[in-house]
Amino acid sequence: MDRTESLIDQFRAQPPESDKRRELVAGISGILADRPDHPAALPFLASVTEDTEEYELARIEATTALRLWPPTDGTHRRRAARALLAVMRGPDEDLVRQYAAMALGPYADDPEVHDAMAAAVLRDEDQLVRDNALAALSHAGPSESRAEVLHRLAGDRTLGREAARILAAWGHGPGA
């Protein structure tokens with residue numbers, strides 16, 4: 001049994017609301033820094049992310065790992081993106097949705113992820129979800145579709161200035 005499998009077994013042995021679960025997820029996510037497509041760690045982190053019955057802080061730790069160390073393998077990448085999308089679309093606590101919104105940036109080239117980010121930044125009822133979706137959009141970098149979302153957002157009272165700043169940094173601002 002390798003270290004990752006041991007950490008996963010320890011996680012499963014913890015009581016549901018134990019903060020040790022969060023610590024173990026953090027340990028598993030650290031493995032991705034050295035091995036971004038670890039075959040056991042990625043499915044585990046995706047399943048923790050999307051499990052609405054899971055300890056909230058463990059889920060937040062898992063979404064953070066998927067943001068910091070996005071998979072390079074296409075299958076793992078789609079699995080991670082689908083887990084984050086499930087959280088964004090689900091009935092989750094706002095804090096988990098906020099972290100999921102922040103984690104979407106590395107997956108933004110997926111049209112479904114782009115659409116979810118655009119919907120979140122333009123219409124989500126939770127302002128912090130909107131803020132984090134905008135940060136993810138910015139992190140994803142320039143593209144025509146992302147610039148179009150930012151142009152639509154430019155008139156927004158709350159996020160318009162930041163949208164204009166990002167557009168200017170991308171060379172899409174006024175006069176560009």
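Q: Which helices are included in what covers the buried residues of H6?
A: This is a predicted model, in which local features need pLDDT of at least 70 and side-chain atom pairs count only at pLDDT 80 or more, while totals for chains, interfaces and linings use all residues. Residues are numbered from 1 along each chain as its sequence is written, and side-chain values use heavy atoms, with hydrogens and water left out. In helix H6 (residues 94-103), the buried residues are Val96, Arg97, Gln98, Ala100, Ala101 and Ala103, where buried means under 20% relative accessible area, exposed over 50% and partly exposed in between, with a 1.4 Å probe and protein chains only. Their cover, judged by contact (heavy atoms within 4.5 Å), includes helix H4 (56-68), helix H5 (74-89) and helix H8 (127-140).

Q: How many Å apart in space, C-alpha to C-alpha, are valine 129 and glutamine 98?
A: Valine 129 lies in helix H8 and, at 0% relative accessibility, counts as buried. Apart from residues up to four places away in sequence, valine 129 touches Met88, Asp94, Arg97, Gln98, Ala101, Ala120 and Asp124. Although valine 129 and glutamine 98 are 31 residues apart in sequence, their C-alpha separation is 4.5 Å.

Q: How many helices does the chain have?
A: Helices (H or I, at least four residues) and strands (E, at least two) are DSSP runs, numbered from the N terminus. The order of elements from that end is α-α-α-α-α-α-α-α-α-α. The count of strands is zero and the count of helices is 10.

Q: What is the radius of gyration of the chain?
A: The radius of gyration is taken over C-alpha atoms, and the globule rule is 2.2 Å times the number of residues to the power 0.38. The C-alpha trace spans about 60 × 30 × 20 Å along its principal axes. For 176 residues the globule rule gives 16 Å, and the chain is close to that value, so it is as compact as a globular protein of that length, with a radius of gyration of 17 Å.

Q: Which helix gives the largest share of the largest nonpolar core?
A: A nonpolar core is a set of buried Ala, Val, Leu, Ile, Met, Phe, Trp, Tyr and Cys residues joined through side-chain atoms within 4.5 Å. The largest one holds 53 residues, of which Val25, Phe44, Leu45, Val121, Leu150 and Leu153 touch the most other members. The largest share of this core is seven residues, and they come from helix H7 (residues 111-123).

Q: Why does the pair of phenylalanine 11 and phenylalanine 44 have the geometry that it has, and what is that geometry called?
A: Rings of Phe, Tyr and Trp (its six-membered ring) pair if their centres lie within 6.5 Å, and planes under 30 degrees apart count as stacked, over 60 as edge-to-face and the rest as tilted. A search of the whole structure finds one aromatic pair. The centres of phenylalanine 11 and phenylalanine 44 are 5.0 Å apart and their planes stand at 85 degrees, so the pair is edge-to-face.

Q: How far from the ring centre of phenylalanine 11 is the charged end of arginine 21?
A: Phenylalanine 11 is buried, as is phenylalanine 44. A charge sits over a ring if NZ of Lys or CZ of Arg is within 6 Å of the ring centre and within 35 degrees of the ring normal. The charged end of arginine 21 sits over the ring of phenylalanine 11, at a distance from its centre of 4.0 Å.
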